[in-house]
Amino acid sequence: RQRQMCIRDRYNELTDSISQLSIEAAEKEEELKNVKAQLEVAKQNAQDQYEAMKIRIQYMYEHGGSTMLEMLLSSDNLSDFMNQANNVATISTYDRNMLKKYEETQEAIKYIRDTFQKEFGKEMNLERISAPLFVEKSSGLNDDLNGVERPVQFDVAGIPGETVEVVHSLAKWKRMALKKYDFEPGEGLYTNMNAIRRDEELDNLHSCYVDQWDWEKVIRKVDRTEETLKTTVRHIFKIIKHMEHEVWYKYPQAVKHLPDDVTFITTQELEDRYPDKTPKERENLITKEYGCVFLMKIGDKLASGEPHDGRAPDYDDWQLNGDILFWHDTLDCALEISSMGIRVDEKSLASQLKKAGCEDRRELPYHKMLLHGELPYTIGGGIGQSRLCMLLLDRAHVGEVQASLWPEEMRQTCREHDIILL
């Protein structure tokens, strides 16, 4: 009986202990919940402070007028002063990092532009010449691109009665220059072309300011073939690949690795392959698959009754032209680096003007010379300078490698993603 009482007492003690432990566990669980809640509040406060600091930094960079001292003097109390002091230290580090990134980007841009044009001119047997920023409208030398873009126009006091246009590109002007300077077959020219495209839809890839290397080379009539076009494309691709290695040697942390070859496909083959996709969707699908594509025969109507994309009727031969596209992983889309082609001859010009409903252009000086066989047969195109820098340095926005105008909403979005627009 005494043994039973001892067991009962022990049982009661254990029961009391378990009860007490349950109470303590419940209390600890409640404490843990409170700690977690406090931790979440602390995390949110830290994030809010970080976001506020980023906004402060961005404002300082974009608007100026705010100094480190002003930040400290604007503190409401000692705690705020300490936070502001910490922000000042963080901003100083941010300053150094951003300045370093900015300097590296500027150096890389200059290196790519300087090196590429020298290599390009040498490998393609092209001579560098100066080119105009604007031309007389009556000359017919300005390019209509897709046929709908409005050129920037103005008048010049010294040339009364004449409308002057900022160039869209120099395709026609270059051909005239080749005749003027008596270039022979196999010889050509290139120039730094700057233009304003007022109707451009601004986004990560498109700017109203255009900078490219415009080039043009004289060929024989018998060389107006698809094989000539493909050989030239392969040559340009080889030069771009060489630039990849050159940039990697100097900026290994920044360079994008490009595919080893270029794939050729026509717009009709692409439509047949993806009949239910839009032209842009087709470009993205094929370029993502192969890495680099030369999309051929742009401008004429396809089997569907619609062209893949618009092309002016009076510079490229629609059967002998195309775009060089590279896949851009960061933006998950195709990036056009170059639009090029064998230029129209007498026959293709007449045919394309008729198809485009632009036969009135036959009376312009440039078109008359072409139709009368007075201009050399040529191949040419443009290579986007900022686009090439964007590709090789793997940038997400063309504004990271060129200074231009952007909507405030776009600038804000870039700030939120730590993208610095020049």
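# Exercises on a predicted protein chain

The structure holds zero disulfides, a disulfide being a pair of cysteine sulfur atoms within 2.5 Å. This is a predicted model, in which local features need pLDDT of at least 70 and side-chain atom pairs count only at pLDDT 80 or more, while totals for chains, interfaces and linings use all residues. Residues are numbered from 1 along each chain as its sequence is written, and side-chain values use heavy atoms, with hydrogens and water left out.

## Exercise 1. The chain as a whole

Task: state how many helices and strands the protein chain has, and what share of its residues count as buried.

Solution. Step one: the protein chain has 11 helices and 11 strands. Helices (H or I, at least four residues) and strands (E, at least two) are DSSP runs, numbered from the N terminus. Step two: 44% of the 422 residues count as buried. Buried means under 20% relative accessible area, exposed over 50%, and partly exposed in between (1.4 Å probe, protein chains only). Step three: of the contacts between residues at least 6 apart in sequence, 71% join residues at least 24 apart; contact means heavy atoms within 4.5 Å.

## Exercise 2. The sheet of eight strands

Task: give the strand order of the open sheet of eight strands and find which strands stand at its edges.

Solution. Step one: the order is β1-β5-β6-β11-β10-β9-β8-β7, with mixed pairing. Two strands pair if DSSP finds at least two bridges between them. Step two: β1 (126–128) and β7 (263–266) each have a single partner strand, so one side of each lacks a neighbour in the sheet. The twist averages 25° from one strand to the next, with axes taken as lines fitted to C-alpha atoms (for helices, over the stretch in contact) and angles running from 0 to 180 degrees between N-to-C directions. Step three: β6 and β11 run antiparallel and are joined by seven bridges; Gln212 stands opposite Gly384 in β11.

## Exercise 3. Strand β9 and its partners

Task: decide whether β9 is mostly covered or mostly open, then describe how β9 pairs with β8 and β10.

Solution. Step one: in β9 (residues 316–328), 12 of the 13 residues are buried, and the strand is mostly covered. Step two: β8 (residues 292–296) pairs with β9 in the antiparallel sense over five bridges, and Val293 has Leu325 in β9 as its bridge partner. Step three: β9 and β10 (residues 333–343) also pair in the antiparallel sense, over nine bridges. Trp327 stands opposite Ala334 in β10. Step four: the hairpin of β9 and β10 has four residues between the strands, and Asp332 there takes a positive phi near 55°.

## Exercise 4. The sheet of three strands

Task: find the order of the open sheet of three strands and its edge strands.

Solution. Step one: the order is β2-β4-β3, with antiparallel pairing. Step two: β2 (134–136) and β3 (153–155) are the edge strands, each pairing on one side only. Neighbouring strands of this sheet are turned by 35° against each other on average, direction ignored. Step three: β3 and β4 (residues 163–166) run antiparallel and share three bridges, where Phe154 has Val164 in β4 as its bridge partner.

## Exercise 5. Helix α4

Task: identify what the buried residues of α4 pack against.

Solution. Step one: seven of the 10 residues of α4 (residues 171–180) are buried, including Trp173, Ala177 and Leu178. Step two: the buried residues pack against β5 (188–196), β6 (209–218), β10, α9 (365–371) and β11 (378–384). Step three: just after α4, Asp182 takes a positive phi of about 55°.

## Exercise 6. The nonpolar cores

Task: name the residues that touch the most other members of the largest nonpolar core.

Solution. Step one: a nonpolar core is a set of buried Ala, Val, Leu, Ile, Met, Phe, Trp, Tyr and Cys residues joined through side-chain atoms within 4.5 Å. Step two: the largest core has 53 residues, and Phe116, Phe120, Trp215, Ile236, Phe294, Phe326 and Met340 touch the most other members. Helix α5 (residues 226–250) supplies the largest share of this core, eight residues. Step three: another core, of 22 residues, lies apart from it, with Ala177, Leu178, Phe183 and Leu370 among them.

## Exercise 7. Thr105

Task: determine whether Thr105 is buried or exposed, and which residues it contacts beyond its sequence neighbours.

Solution. Step one: Thr105 lies in helix α3 (residues 78–124). Step two: Thr105 is buried, because its relative accessible area is 7%. Step three: leaving aside neighbours within four places in sequence, Thr105 is in contact with Arg395 and Glu400.
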